Amino acid sequence: MASETAGGLSLLGGALSEGELLAHSLSVLSGCRHRLEDHLRGSAALAEAFAEVFGAGEVAGYLALVHDVGKGCRAWQDRLILHAEPLGKPVGIPHKEAGTLLAARTAGRQFAAVVQGHHGGLPDQEAVKNVLAEIGGPGVDAERAREATAAVARLVPQIVRDDRILPPAWLTGLESPQRRALALDLLTRMVFSCVVDADYLDTAAHFAGTEPQVAAPADMGMLLERFERRRAGMLARRAVSPVDGVRQRVYEEALAAASGAPGMYVLHVPTGGAKTIAAGGFALRHAAEHGLGRVVFAVPYISITQQNAEVYRELLDPSEGEDVGPVVLEHHSSVALDEEDQAGAWARLAAENWDAPVVVTTTVQLFQSLFARKPSVMRKLHRLAGSVIVLDEVQALPDRLLIPILSALRDLVEHFGASVVLASATQPSFWSLAQLDGLPRRNMVEDVSGLFEVLRRVNYQWRLGPEVTWESIAREIACEGGEQVLTIVNTTRDSARLHRLLSGADGGVGVAAPVWHLSTRMTAGHRREVIGHVRGELAAGRPVHVVSTSLIEAGVDVDFPRVYRAWAPAEALQQAAGRCNRDGRLPDGGTVVVFRPVDGGMPKDLSYKAAMEASAEFFGPDDASDPDDLKALHRYYEKRWALQGTDGRTMGEGIQEARQRWDFPTVAAEFQMIDDKYAQSVIVIRPNTSGEERNLIEADIASLRAPYPSGPEPLRRLQPHTATLPRHEVARAMSAGLAEPVIGDLVVWRGHYDPVCGLDADTPEDRGGYVF
């Protein structure tokens, strides 16, 4: 690993022979520089191993072998030693073009984009053509590229090949030009992920003075045995519930389904049917039986990520004292890291790569990675190949992106060795859309309607008249709601307003019980504490009121006798009902009150309007259906999608067209699960934080700011201390000195943090909390 010369000049004692080249500057830990030959060969070996899972090992290995060939010219080598290293500055000389030309000649122009984009992001084909034309000309950059290629070829002759590398046979076997173009788009993304992850791992190892850190293959059979043993112990410790028999039946049917062939599975179980445990058991057994290497659980809200991660850690992580690492990785940080400067290079090494047997993440993380173009976001993408991907609460996938999402999921199943589980109590009618036409639907549970009959545990009441206001609902909750009430609203602004009314602030009615608050303006750790406290109060039978945004309604395990839900799409109403009488202990059923305040907030986009119009047509009082009517729910989804237009333009068809052109920048710009102008991560050191914990948080912040790689661990540790704010509010806070930059778009909050409501709950609504 030691590298001590550049451009043939002896450096630090001349540890290298004449003509050897450098890839990276001095490591302060090892005291060595990084040989270019070592970096190219090391990256190639890693990338090839990663891509073998989906039949593209040769092309990924070659692209990694040539990705930094441009560093071989004398000008780049001199700038590294004489400028970049002593001053801590970027080299400032292009180095991607030589490898781009080699990639185009050997693997084709489509894959040349991988090399050209390995720092700044995947380009479109026009940009690649322009680079190739320039490198083929007489300019300075072209001359440097030729010089670098010749110099590196003397050390790594494999970079120059006479033969072409063919794509995987499964790609050339696709008859439809459209399907082939879309599959090639995803293949390019997967290969790109392998190359940049290999590059970052090898680079990080150099600066850490170690070998690249790659986890050993997981023993899924052992993990399944541990899961089932601990599940039995967990159930033995829980109080007996009237619905335990149904939950056991669901679990057994899910495990039986796991022996089926890899493919697209549906887990349609009513709320309270223990989907989390059933999905976990299925995924582990399916992985063990079919040799799949990883399980990825994706959920729509961070609150569920935290809850599910806790459950899976209890069931899967090693016991205390075992000399092995953790099994479960929780990842929901959404920090944008990529920059084209030296700080950005270190930032990219801090990105997560999902190298763990079990990953619990958000659907935002998953799908933004699938359709992104930046290396830090995409380095984890190849981990989806040969994995079981469980999409929990799949009803929360946004309509406006459904076409590209379903298309990519199908390709992951058919070409990348993945199995996908669509889990929900409110299953959308996805097979009515063309993207899943002809793909077998594998049901885990057969008698779904029977399950819904057995698990019907609530009675609906409706408050939809013009007289309904926040004040009237607050009065009803205070006077008639009882001691334990959950109220779910649509926006953080509405949650703050109702919380003030129920707390007695601003002249509100006030309730006798403590009123808790939940929204994305609170840190992840704060929300976790509140949910844990609320569960304890409910179990003890003590008075407790909660006002929350929709983050609590999908999958969070709480059990209230009475739930109020602001008027919302039908699936949200049913999900909210899943927080009521969850364990079926109330003989007459729980009560769900659906209300529509005339002064309530509502998203304005087409998808949400269509969902609301379809909900009003099928669900409500009198002769309309309750939200748990399966036939009405199926008609609702078809109507909702039809209301958005028959040409699919509002459901992501434009993104599909850009994918077929391999226009990666356009796809990344248009595919936004949450419009990033409404969502920015903010680290908060809460006022009640202990001195020791405060020091640890500040140390992680300092590590991210330091001029050398930190790896992903600091970002992992900071996740519990992170909240979300609209970007315009963060910009104002930065101007006022209330927030400071950390890395990428991550900031640390230095202003007031309310111990109940979090970050300034009186500010305008956070539209990033909307599902649609």
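An open sheet of six strands, paired in parallel, follows the order β12-β17-β16-β13-β15-β14. Its edge strands, each pairing on one side only, are β12 (458-463) and β14 (515-518). Between neighbouring strands of this sheet the average turn is 15 degrees, direction ignored. The model is predicted, so that local features need pLDDT of at least 70 and side-chain atom pairs count only at pLDDT 80 or more, whereas totals for chains, interfaces and linings use all residues. Residues are numbered from 1 along each chain as its sequence is written, and side-chain values use heavy atoms, with hydrogens and water left out. Helices (H or I, at least four residues) and strands (E, at least two) are DSSP runs numbered from the N terminus; two strands pair if DSSP finds at least two bridges between them.

Strand β12 runs parallel to β17 (residues 590-595), to which six bridges join it, and Y460 stands opposite V592 in β17. Helix α19 (residues 470-480) lies across β12, β13, β15, β16 and β17, at about 175 degrees to β16. Angles run from 0 to 180 degrees between N-to-C directions, with axes fitted to C-alpha atoms, for helices over the stretch in contact; contact means heavy atoms within 4.5 Å. Helix α20 (residues 492-503) lies across β13, β14 and β15, at about 170 degrees to β14.

An open sheet of four strands has mixed pairing and the order β19-β18-β21-β20. Here β19 (722-725) and β20 (739-743) are the edge strands. Strands β18 (residues 680-684) and β21 (residues 746-749) pair in the parallel sense over three bridges, with V684 opposite W749. Helix α27 (residues 691-705) packs on this sheet, touching β18, β20 and β21.
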